[in-house]
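Here is a short round of questions and answers on one protein model. Keep the structure open as you read.

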Amino acid sequence: MKNILTKEIQNYINANLKTDLHSLLLKKSPFPEVSMLEIVQQIKGRKVADKKFPFLLKENIVFPPNLNLEQASSQATALFKATNLKGKKFLDLTCGFGIDAFFLSDNFVEVTLVEQNTELLETVQHNWNILGRKANFINENLEIFLNRSTEKFDLIYLDPARRDDEKNKKFLLEDLSPNLLEIQERLLDAGKEVIIKLSPLVDISYLISVLKGLSEIKIIAAKNEVKELLVVLNHGKEKPDVKISCYNLESTEPSFSFNFNEEKNAHSEFSEPLKFLYIPNNAVLKSGAFNLISKKLGVKKLHPNTHFYSSDVLEEAFPGRILSVDIIESKQIKKGEKFNIISKNYPLTPDEIKKKYKISDGGTCYLIFTQSRKGKIILKSL
Ligand SMILES: C[S@@+](CC[C@H](N)C(=O)[O-])C[C@H]1O[C@@H](n2cnc3c(N)ncnc32)[C@H](O)[C@@H]1O
């Protein structure tokens, strides 16, 4: 690592930030002490940092290999997760590149970071030194650390790694490193609060059935893409009242929270389309609060199988897109016009709709093809 920090190599990296990395890799390194691969890795790191963690765009910051950059959280989600966290002792058992740890531990007095990957932890230690942040850096397998440590922590954080990359596979906690089911009792013993970041693919009912001391699940989306689930475990917490909170960061949409059992007892009211159409954001869709959202916000569902809602009076607290709409006849759609097309619970896909009506994507107006309980309908936003 020291080699890439020399002035000449740092200058070379800065001069090549816009160079095509594939062609650079084919060249011979001008410096005998570092390979071109190491140089390209640093350039790649800065490019990723520019979008994902801009606080690291500082002189002499060192970046790890791609896998660790990909596995690291973004600055935006880490900052969000850090809201209201403070205490004396913070422990991150899966430090990785330390992005989460950097923000989550900001209001703690003593910070301990555990990571099994020696080189990665050395990189984090070097960077934290440059950033003026102190921590106990422990290069160890976290299970071994937990077995030997007698310390108690105010907050323990984990962001487990996937053991394999098989997509489409049912997401189970056993597939993670560490296996949370094996260590959860020990975690609750060592920490007043335990926060775990999980993939958005994991099923919420499954989590509720297998996790001990579960008090809250936060569903975190950014720009309507669900990025992560955050589970909060508390020592001695009795199930079954688990709070579910839905957030859509980088949007103006309000958050939405409820207790998991509330949804089981809620029923939607239905109506034909009224003045306003509501499309829940993906965090709410992930939460499954399809009836509760109707009950809590007084908006009416259009159809049992489509999560579209409607009301005559604007409900600004709705967590999702709100459109002012009219019902139209298909003959009112003019050839050559541009629309944002949404098709849900409708026999034609957006591409088939474009072909049929000779319209194209674009413009500011929405055309929504769906069904109410009376049958197929087309809605046009004003
Ligand atoms: C998804 S990454 C964490 C990323 C981190 N939250 C960040 O923002 O940069 C998971 C890390 O946990 C480490 N890890 C996984 N299992 C571990 C274990 N049993 N003991 C110690 N570290 C482990 C991996 O080496 C990896 O660096």
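Q: Which residues lie nearest the centre of the second largest pocket?
A: This is a predicted model. The second largest pocket has 17 lining residues. Helix H3 (36-52) and helix H7 (118-130) each give two or more residues to that lining. Nearest the centre lie Glu38, Gln42, Val62, Phe63 and Glu119.

Q: Why does the second largest pocket lie between domain 1 (2-63) and domain 2 (70-251)?
A: Look at where the lining comes from. Domain 1 (2-63) gives residues to the lining of the second largest pocket, and so does domain 2 (70-251). The pocket lies between them because the lining draws on both domains.

Q: What is the volume of the second largest pocket?
A: By class, its lining has three charged, six polar and eight nonpolar residues. The space of this second largest pocket comes to about 340 Å³.

Q: Which residues come nearest the ligand?
A: The ligand has 21 residues around it. Helix H6 (99-104) and helix H8 (142-148) each supply at least two residues of this shell. By class, the shell has five charged, eight polar and eight nonpolar residues. Those that come nearest are Asp100, Glu115, Leu142, Asp159 and Ser177.

Q: Where does a polar side-chain atom of serine 177 lie with respect to a nitrogen atom of the ligand?
A: Start with the backbone. A polar backbone atom of leucine 142 is 2.8 Å from a nitrogen atom of the ligand. A polar backbone atom of isoleucine 99 is 3.4 Å from an oxygen atom of the ligand. For the side chain of serine 177, the distance from a ligand nitrogen atom is 2.7 Å.

Q: How much of the accessible area of the ligand does the protein cover?
A: Polar contacts to the ligand include one from the side chain of serine 177. On its own, the ligand has 610 Å² of accessible area. The protein covers 95%.

Q: Which residues line the largest cavity?
A: One cavity of 30 Å³ or more turns up in a search of the whole structure. H6 and H7 are the elements that give two or more residues to its lining. Seven lining residues are nonpolar, two are polar and none is charged. They are Phe55, Leu56, Phe97, Gly98, Ile99, Phe102, Asn127, Trp128 and Leu131.

Q: How much space lies in the largest cavity?
A: A probe the size of a water molecule, rolled over the atoms, shows where empty space is left. For the largest cavity, that space is about 50 Å³.

Q: What kind of peptide bond joins serine 177 and proline 178?
A: Proline 178 sits in the loop between strand E6 (176-177) and helix H9 (180-190). Omega for the bond from serine 177 to proline 178 is about 5°. The bond is cis.

Q: What is the phi of asparagine 60?
A: Asparagine 60 is in the loop between H3 and helix H4 (66-71). This residue is not a glycine, yet its phi is positive. The value is about 70°.

Conventions
Residues numbered from 1 in each chain as written. Predicted model: local features only at pLDDT ≥ 70, side-chain atom pairs only at ≥ 80, totals over all residues. Heavy atoms only, no water. 1 Å grid on protein atoms, 1.4 Å probe; cavity = no way out; pocket = protein on both sides within 12 Å on 5 of 7 lines; lining within 4 Å. Points joined across faces, edges and corners; volume = space filled by probe spheres on them. Helix = DSSP H or I, 4+ residues; strand = E, 2+ residues; numbered from the N terminus. Nonpolar A, V, L, I, M, F, W, Y, C, P; charged D, E, K, R; others polar. Domains from an automatic or database assignment. Near = heavy atom within 4 Å. Polar contact = N/O pair within 3.5 Å; in protein donor to acceptor, adjacent residues only side chain to side chain. Areas by Shrake-Rupley, 256 points an atom, 1.4 Å probe, with all protein chains shown as cover.
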